[in-house]
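Student: Hi! I have a protein in front of me and I'd like to get to know it. Could we go through it together?

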Amino acid sequence: NPSTKIRFDVAHRTDAHITIYNSAGMEIVKMFYSRLNPGTYETKWEASSEASGVYFCRFTANEFIGTTKMILLK
C-alpha cells in the first residue's frame with residue numbers, strides 16, 4: 001500500500017506545513033499548509049506515483065522544524 005498517515009501535535013495556535021522531499025533533496029509535494037489550533041492532526045501521503053526509495057518528511061511550525069525519514073517499498 002503506497003500511502004501513509006502522518007500524525008503530528010500542535011501545542012499553540014500556529015502556521016504549520018508539511019513537505020515531502022526525495023533522497024536527492026528535491027521537493028516532491030507540499031502536503032499541508034494551514035493555520036492550526038492546538039491539538040492532534042493527521043494527513044495522508046498518497047505515494048502511488050513515486051518510485052521506491054528514501055523520502056524525508058519535514059514538519060515546520062513557527063521556530064520548530066522536524067524531519068523524519070520514510071522508506072517507500074513497492
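Student: Which residue forms a salt bridge with Glu42?

Tutor: Happy to help! Keep in mind that this is a predicted model. Glu42 forms a salt bridge with Arg7, and their closest N and O atoms are 2.7 Å apart.

Student: Where in the chain do those two sit?

Tutor: Glu42 is in strand S4, which covers residues 39–46, while Arg7 is in strand S1. The pair links distant parts of the chain, since the two are 35 residues apart.

Student: And is Arg7 buried or exposed?

Tutor: Arg7 counts as exposed, because its relative accessibility is 60% and the exposed class starts over 50%. Glu42 has 40% relative accessibility, so Glu42 counts as partly exposed.

Student: Why would two side chains like that pair up?

Tutor: In general, side chains of opposite charge can pair when their charged atoms come close.

Student: OK, how many salt bridges does the structure hold?

Tutor: It holds two. Besides the one between Glu42 and Arg7, there is a salt bridge between Asp15 and Arg35, with the closest N and O atoms 3.1 Å apart. Asp15 is in strand S2 and Arg35 in strand S3, 20 residues apart along the chain.

Student: How do S2 and S3 pair?

Tutor: They pair in the antiparallel sense, over eight bridges. S2 spans residues 14–22 and S3 spans residues 27–36. In this pairing, Asp15 stands opposite Arg35, and those two residues also form the salt bridge we just talked about.

Student: What is between the two strands?

Tutor: Four residues lie between them, and the two strands form a hairpin. Gly25 is in the turn and has a positive phi of about 90°.

Student: Back to Asp15 for a second. How accessible is it?

Tutor: Asp15 has a relative accessible area of 32%, so it is partly exposed. Arg35 is partly exposed too, with 45%.

Student: New topic: the inside. Which residues touch the most other members of the largest nonpolar core?

Tutor: Those are Ile6, Phe8, Ile18, Ile20, Met31, Trp45 and Phe59. The core has 17 residues. Strands S1, S2, S3, S5 and S6 each give two or more residues to this core, and S5 gives the most, with four.

Student: Why do residues like that gather?

Tutor: In soluble globular proteins, nonpolar side chains tend to be buried together.

Student: Can we zoom in on Met31? What is it in contact with?

Tutor: Leaving aside neighbours within four places in sequence, Met31 is in contact with Ile6, Ile18, Ile20, Thr43, Lys44 and Trp45. Ile6, Ile18, Ile20 and Trp45 are also on the list of core residues I just gave you.

Student: Thr43 is in there too. Is Thr43 buried or exposed?

Tutor: Thr43 is buried, because its relative accessibility is 13% and buried means under 20%. Thr43 is found in strand S4. Beyond four places in sequence, the contacts of Thr43 include Thr4, Lys5, Ile6, Phe8 and Ile18.

Student: What about Lys5, then? Where is it, and how accessible?

Tutor: Lys5 lies in strand S1. With a relative accessible area of 58%, Lys5 is exposed. Not counting neighbours within four places, Lys5 is in contact with Glu42, Thr43 and Lys44. The C-alpha atoms of Lys5 and Trp45 are separated by 6.3 Å, although the two are 40 residues apart along the chain.

Student: What about Thr19, is that one buried or exposed?

Tutor: Thr19 counts as buried, at 4% relative accessibility. Thr19 has its place in strand S2 and touches residues that include Glu27, Val29, Lys30 and Phe56, again not counting those up to four places away.

Student: Last one: which residues make the nonpolar surface patch?

Tutor: Val54, Ile71 and Leu73 make that patch, and its area is about 310 Å². Ile71 is in strand S6, residues 64–72, and Ile71 is exposed, with a relative accessible area of 60%.

Student: Thanks, that was really helpful!

Methods. Residues numbered from 1 in each chain as written. Predicted model: local features only at pLDDT ≥ 70, side-chain atom pairs only at ≥ 80, totals over all residues. Heavy atoms only, no water. Pairing = 2+ DSSP bridges. Patch = residues over 30% accessible without salt bridge, like charges linked within 9 Å, V, L, I, M, F, W, Y side chains within 5 Å. Areas by Shrake-Rupley, 256 points an atom, 1.4 Å probe, with all protein chains shown as cover. Salt bridge = Lys/Arg side-chain N within 4 Å of Asp/Glu carboxyl O. Buried < 20%, exposed > 50% of the residue type's maximum accessible area, 1.4 Å probe, protein only. Core = buried A, V, L, I, M, F, W, Y, C linked by side-chain atoms within 4.5 Å. Contact = heavy atoms within 4.5 Å.
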